[in-house]
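Me: Got a structure here and some time before my next call. Can you walk me through its empty space and surface?
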Amino acid sequence: MNTYNAHFAAQDDPNERYPLTDVVYYSQFGGLLEVRHDMEALRTRDAEAWKQLFESRWMRTSWPYGSGVWGKKEWVCPTVADENVVSMFEGGTNLFWAERFGRELGVEDLWIKLCGNSHTGSFKDLGMTVLVSVVKQMISEGKPIRAIACASTGDTSAALAAYGAAAGIPTIVFLPKGKVSVAQLVQPIAHGATVLSLDSDFDGCMRIVRQVTADPNSGIYLANSLNSLRVEGQKTVGIEIVQQLDWQVPDWIIIPGGNLGNTFALGKGLLMMHELGLITRLPRIVCAQAQNANPLYRAFCDNWRYEPIQARTTAASAIQIGDPVSVRRAITMLQRFNGIVEQASEQELADAAARADRTGAYACPHTGVALAALIKLIERGEIAKTDRVVVVSTAHGLKFSRFKVDYHEATLAEVTSRYANPPRELPADVDAVRRALDL
Ligand SMILES: *Cc1c(COP(=O)(O)O)cnc(C)c1O
């Protein structure tokens with residue numbers, strides 16, 4: 001008997017609800033659906049008991065609970081049968097004290113949560129394990145699903161293709177041509193996905209994949225973050241951060257935002273902990289955007305009045321989005337967390353990443369955006385010297401080698417490479433080497 005339960009709920013009508021295994025993305029009135037848990041059932045276990053349960057499963061091998069996501073299965077997706085879970089033991093990524101970088105910036109208690117140290121190199125694994133597991137459950141119940149599709153700025157498609165391949169479910173990915181990194185492009189290719197490279201940007205790919213999947217007879221299930229199943233997995237990031245800090249709540253969590261599903265997810269996980277008594281206060285959340293793709297930042301500066309924009313090119317390509325799907329719910333969430341939105345220019349994000357790298361990090365450009373926001377908030381006196389700050393690093397730096405190479409070769413657009421460290425080319429001659437090393 002499964003005592004825990006969850007369903008899709010409409011935000012605007014409490015009576016409109018659907019099983020998580022229904023193929024449904026929007027409410028009758030066109031709003032996004034949300035996964036709602038039976039909180040009464042979850043309350044039958046007290047906060048201490050939840051902590052103990054989560055600790056007992058953390059990073060062990062017992063299927064599927066050794067996964068950071070499925071270790072919190074009752075809170076994430078209790079309705080999937082264990083045998084239908086598709087997991088590569090995502091989550092449980094390291095949270096480390098960035099001591100030197102923090103000291104350089106003037107904060108003593110700076111932590112980086114390396115979500116990119118995951119199976120496909122980004123936090124997208126956290127959500128995709130849930131979505132693909134639910135699809136496997138649907139197929140096992142006889143639903144006519146032929147494939148799963150998504151539009152992507154690169155990392156979503158890599159995660160979808162990997163998890164689809166692990167489950168034996170075909171996947172179709174829509175990518176904006178020339179706007180994803182080589183690593184991101186080759187991942188779905190390697191996993192056998194159908195890769196459609198469209199002469200458009202992310203927003204354009206999104207429009208087309210929505211049209212293709214709108215026909216319920218297409219048999220193609222839509223995996224973009226308007227599909228709230230992914231939020232359920234991604235919300236574990238905030239829970240993990242608190243768990244890894246021995247259940248202490250940091251003062252600030254800074255997260256880069258594009259489509260804004262992850263910003264919403266971070267808040268959702270923390271609110272759930274608060275509701276169930278595992279924490280008694282909330283951190284402040286900072287959403288960091290690239291200045292070249294900053295619709296949320298503009299809204300923040302204009303009393304939260306939102307208008308979509310045409311996103312311009314940014315090295316932080318995974319957040320090059322002008323009309324974020326989750327903008328409404330992200331704004332509501334940020335208001336709940338006394339949130340701030342900051343932006344970073346190409347110069348600022350590239351320098352922040354390079355400076356962090358000099359202290360041992362290996363920051364992707366999106367993490368650079370978050371770090372640049374951190375620097376600005378410290379300079380403004382908003383973040384104090386003794387505050388505990390966690391920066392969410394969303395992808396592995398190795399997925400963005402071109403960005404790093406271009407920075408150190410000083411060929412990055414809109415950027416003067418102040419921290420460039422290019423290799424020195426020398427003849428294979430010991431005297432030349434001695435001279436170069438001042439010996
Ligand atoms: C997807 C992604 C983001 C943005 O997440 P959203 O939910 O779209 O706001 C940030 N960084 C990386 C590396 C990503 O892949």
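Reply: Sure. One term before we start: a cavity is a set of grid points where a 1.4 Å probe fits but cannot get out. Keep in mind that this is a predicted model.

Me: Fine. How many cavities of 30 Å³ or more does a search of the whole structure find?
Reply: Four.

Me: How much space lies in the largest cavity?
Reply: About 300 Å³.

Me: Which residues lie nearest the centre of the largest cavity?
Reply: Phe123, Lys124, Gly258, Asn259 and Ala318. They belong to a lining of 27 residues.

Me: And which elements give two or more residues to that lining?
Reply: Three helices: α6 (155-167), α9 (229-234) and α11 (261-275). The largest share comes from α11, with three residues.

Me: What's the lining of the largest cavity like by class?
Reply: It has 15 polar residues, nine nonpolar ones and three charged ones.

Me: Switching to pockets. What volume does the largest pocket have?
Reply: About 530 Å³. Its lining counts 24 residues, and the closest to the centre are Thr314, Ala315, Arg402, Phe403 and Asp406.

Me: Which element gives the most to the lining of the largest pocket?
Reply: Helix α16, with four residues. Helix α7 (182-190) also supplies at least two.

Me: Same class question for the largest pocket: how many nonpolar, polar and charged residues are in its lining?
Reply: Nonpolar residues number 10, polar ones eight and charged ones six.

Me: Back to α6. Where is Gly164, and is Gly164 buried or exposed?
Reply: Gly164 sits in helix α6. Its relative accessibility is 0%, so Gly164 counts as buried. The cut-off for buried is under 20%.

Me: How far apart are Gly164 and Ala6?
Reply: Their C-alpha atoms are 23 Å apart in space. In sequence, the two residues are 158 apart.

Me: Now the outside. Which residues make the nonpolar surface patch?
Reply: Leu426, Val433, Leu437 and Leu439. The patch covers about 400 Å².

Me: Where is Leu426 found?
Reply: In the loop between α16 (401-408) and α17 (430-436).

Me: Why does Leu426 count as partly exposed?
Reply: Because its relative accessible area is 43%. Partly exposed is the range between buried, under 20%, and exposed, over 50%.

Me: Good. Which helix would I look at for both the pocket and the Leu426 loop?
Reply: Look at α16. It gives four residues to the lining of the largest pocket, and the loop that holds Leu426 runs between α16 and α17.

Technical notes: Residues numbered from 1 in each chain as written. Predicted model: local features only at pLDDT ≥ 70, side-chain atom pairs only at ≥ 80, totals over all residues. Heavy atoms only, no water. 1 Å grid on protein atoms, 1.4 Å probe; cavity = no way out; pocket = protein on both sides within 12 Å on 5 of 7 lines; lining within 4 Å. Points joined across faces, edges and corners; volume = space filled by probe spheres on them. Nonpolar A, V, L, I, M, F, W, Y, C, P; charged D, E, K, R; others polar. Patch = residues over 30% accessible without salt bridge, like charges linked within 9 Å, V, L, I, M, F, W, Y side chains within 5 Å. Areas by Shrake-Rupley, 256 points an atom, 1.4 Å probe, with all protein chains shown as cover. Salt bridge = Lys/Arg side-chain N within 4 Å of Asp/Glu carboxyl O. Buried < 20%, exposed > 50% of the residue type's maximum accessible area, 1.4 Å probe, protein only.
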